[in-house]
Amino acid sequence: MSEPVLSDPAAPGPLRGIRVLEFSHMIMGPSCGMVLADLGADVVKVEPAPEGDNTRRLTGAAIGFFPTYNRNKRSVCIDLKRPAGLALARKLAAQADVIVENFRPGAMDKLGLGHAALSALNPRLVYCSCKGFLPGPYEHRAALDEVVQMMGGLAYMTGLPGKPLRTGASVNDIMGGVFAVVAILAALREREATGRGGLVQSGLFETNMVLVAQHMARAAIEGRDPPPFGDPNMGKPWPIYDVFDTAEPGAQVFVGVVTDTQWRGFCDAFGLADLLAHPDLATQAHRVAARPWVIPRVAEVFRTFTKTELMARCEALGLPFAPIARPAELFDDPHLLASGGLLPVELAGAEGAPDGKPVQAVAGLPGLPVSLPGGRLTLRRQPPRPGEHGIEIAREAGLPEQEIAALVADGTLSAPDPDAAAAAD
């Protein structure tokens with residue numbers, strides 16, 4: 001397999017010089033670590049020895065989790081149930097700036113790796129716990145993205161009436177990881193003034209509530225629950241704000257007409273002079289009220305255009321529009337390709353392929369949706385193999401070669417098979 005072009009792992013970044021020790025799995029913690037790593041921090045992912053993070057072996061809808069959220073990191077696999085492994089983890093924590101963890105409540109404390117223990121060892125440490133719930137009555141509950149979507153109103157707002165539906169992405173896990181980064185950066189800034197770190201937390205449930213806040217505000221204003229977005233009878237604030245069929249079977253386009261100026265241009269461009277002149281459509285409010293008979297008329301016109309023709313006309317008019325894309329189509333999106341929005345990520349970290357064969361493919365996966373003064377953030381390291389950097393990290397921690405060899409020999413520290421690594425390359 002040809003090696004994708006990477007930038008220098010030591011290339012300058014806003015967080016260069018910050019060492020992060022990540023104890024995490026699934027999405028929330030890894031997404032936090034990924035953002036920090038993309039920004040230039042040295043993120044060391046601590047995985048269980050010998051096989052690494054169980055997220056690597058997920059299947060079905062979760063098969064892409066590991067390669068998606070673990071780029072630009074280094075991996076060390078440690079058996080934390082052994083005293084020598086725990087001692088190594090504590091030595092690494094003593095030299096770190098940040099700890100990120102997203103395990104069940106109390107799990108890190110039982111290992112002796114909780115905030116109290118590690119802050120006593122390293123007072124400058126910023127310790128970030130990514131949790132299901134912030135401190136309160138729910139804090140000891142187990143949580144998943146789906147759980148907090150259901151209890152936090154997001155599934156209600158997404159689905160059909162009486163049929164709550166989780167969103168098609170792990171929005172709370174990802175955003176919760178991003179909010180964790182915000183908290184970490186704030187704590188690092190405060191450390192500059194005080195010289196001390198501290199405990200910060202990000203909550204999955206509380207993240208969900210940020211997403212639902214606009215609907216809570218509407219409920220308070222109107223005195224009733226808003227209808228879910230899946231309700232075909234949900235009132236929309238604009239006359240045209242819908243998904244339409246085109247002349248091509250299965251090819252759909254979303255089109256919005258949301259201002260008076262857009263309405264006039266829209267009617268002129270699509271031969272709807274009768275709608276423009278209609279006295280019952282003189283104002284935005286009138287047009288919204290007339291949606292039941294205006295939308296079928298517009299849909300009839302749109303079905304005479306191919307998808308490409310309809311999008312070209314909408315773009316010329318400056319209307320909001322979008323093709324209804326599927327994930328596999330996005331690898332060829334011209335904007336993502338031209339803007340550096342896709343990074344050549346190896347998928348070999350996903351070990352749960354249905355046929356059991358190792359995954360070797362490289363895919364263009366989305367980078368962070370930001371541009372800094374130096375441009376878009378790049379791929380510096382591929383998602384690591386289990387324990388890929390364990391020996392070099394142990395050396396950086398100051399362990400002598402004889403001790404490292406002993407840790408590898410008894411399974412406390414896992415080192416990848418060099419022959420297997422060469423075959424993967």
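# Close-up views of a predicted model

**View 1. Strand 7 and strand 8 run antiparallel, joined by 6 bridges.** Strand 8 covers residues 252-257. This is a predicted model. One pair to find is Tyr241 and its bridge partner in strand 8, Gly256. Helix 13, residues 291-302, lies across both strand 7 and strand 8. Helix 13 runs at about 40° to strand 7.

**View 2. An open sheet is built from 3 strands.** Their order is 7-8-9, and the pairing is antiparallel. Which strands stand at the edges? They are strand 7 (240-245) and strand 9 (321-323). Each has a single partner strand, so one side of each is left without a neighbour in the sheet. On average, neighbouring strands here are turned by 15° against each other, direction ignored.

**View 3. Another open sheet has 7 strands.** Read across the sheet, the order is 6-5-4-1-2-3-14. The pairing is mixed. Strand 6 (198-203) and strand 14 (413-414) are the edge strands, and each pairs on one side only. Now look at strand 2 (residues 42-48) and strand 3 (residues 73-78). In what sense do they pair? The sense is parallel, over 6 bridges. Lys45 has Ser75 of strand 3 as its bridge partner.

**View 4. Helix 3 lies across four strands of the model: strand 1, strand 3, strand 4 and strand 14.** The helix spans residues 83-94. Strand 1 is 19-23, and strand 4 is 98-101. Helix 3 runs at about 145° to strand 1.

**View 5. Two loops hold local backbone features.** The loop between strand 1 and helix 1 contains Met26. Phi of Met26 is near 60°. That is a positive value in a residue other than glycine. Pro50 is in the loop between strand 2 and helix 2 (65-69). What kind of peptide bond joins Ala49 and Pro50? The bond is cis, with omega about 5°.

**View 6. Helix 1 packs on helix 8.** Two packed helices are described by the angle between their axes and the distance between the axes. For helix 1 (residues 28-38) and helix 8 (residues 171-194), the angle is about 50° and the axes are 7 Å apart. That makes helix 1 oblique to helix 8. Their crossing is right-handed. Helix 1 brings Met28, Ser31, Cys32, Val35 and Leu36 to the contact. Helix 8 brings residues including Ile174, Gly176, Gly177, Val181 and Ile184. The contact has 9 nonpolar, 3 polar and 1 charged residues.

**View 7. Helix 8 also meets helix 9, residues 204-222.** The two axes come within 9 Å and cross at roughly 100°. Why are these helices called roughly perpendicular? Angles of 65 to 115 degrees count as roughly perpendicular, and helix 8 and helix 9 therefore fit that description. Val171, Asn172, Asp173, Met175, Gly176 and Phe179 of helix 8 meet Leu204, Thr207, Asn208, Val210 and Leu211 of helix 9. By class, this contact divides into 6 nonpolar, 4 polar and 1 charged.

**View 8. Confidence falls under a pLDDT of 50 over residues 419-425.** The protein averages a pLDDT of 94. Of the residues, 95% score at least 70. How many contacts beyond four places in sequence does the model have for residues 419-425? There are 6. Where pLDDT is low, the predicted coordinates should not be read in detail.

Technical notes. Residues are numbered from 1 along each chain as its sequence is written. This is a predicted model: local features need pLDDT of at least 70, side-chain atom pairs count only at pLDDT 80 or more; totals for chains, interfaces and linings use all residues. Side-chain values use heavy atoms; hydrogens and water are left out. Two strands pair if DSSP finds at least two bridges between them. Contact means heavy atoms within 4.5 Å. Axes are lines fitted to C-alpha atoms, for helices over the stretch in contact, and angles run from 0 to 180 degrees between N-to-C directions. pLDDT is the predictor's confidence in each residue, from 0 to 100. Angles under 35 degrees count as roughly parallel, over 145 as roughly antiparallel, 65 to 115 as roughly perpendicular and the rest as oblique. A crossing is left-handed if the near helix is turned anticlockwise from the far one by less than a right angle, and right-handed if clockwise. Ala, Val, Leu, Ile, Met, Phe, Trp, Tyr, Cys and Pro count as nonpolar, Asp, Glu, Lys and Arg as charged, and the others, Gly among them, as polar.
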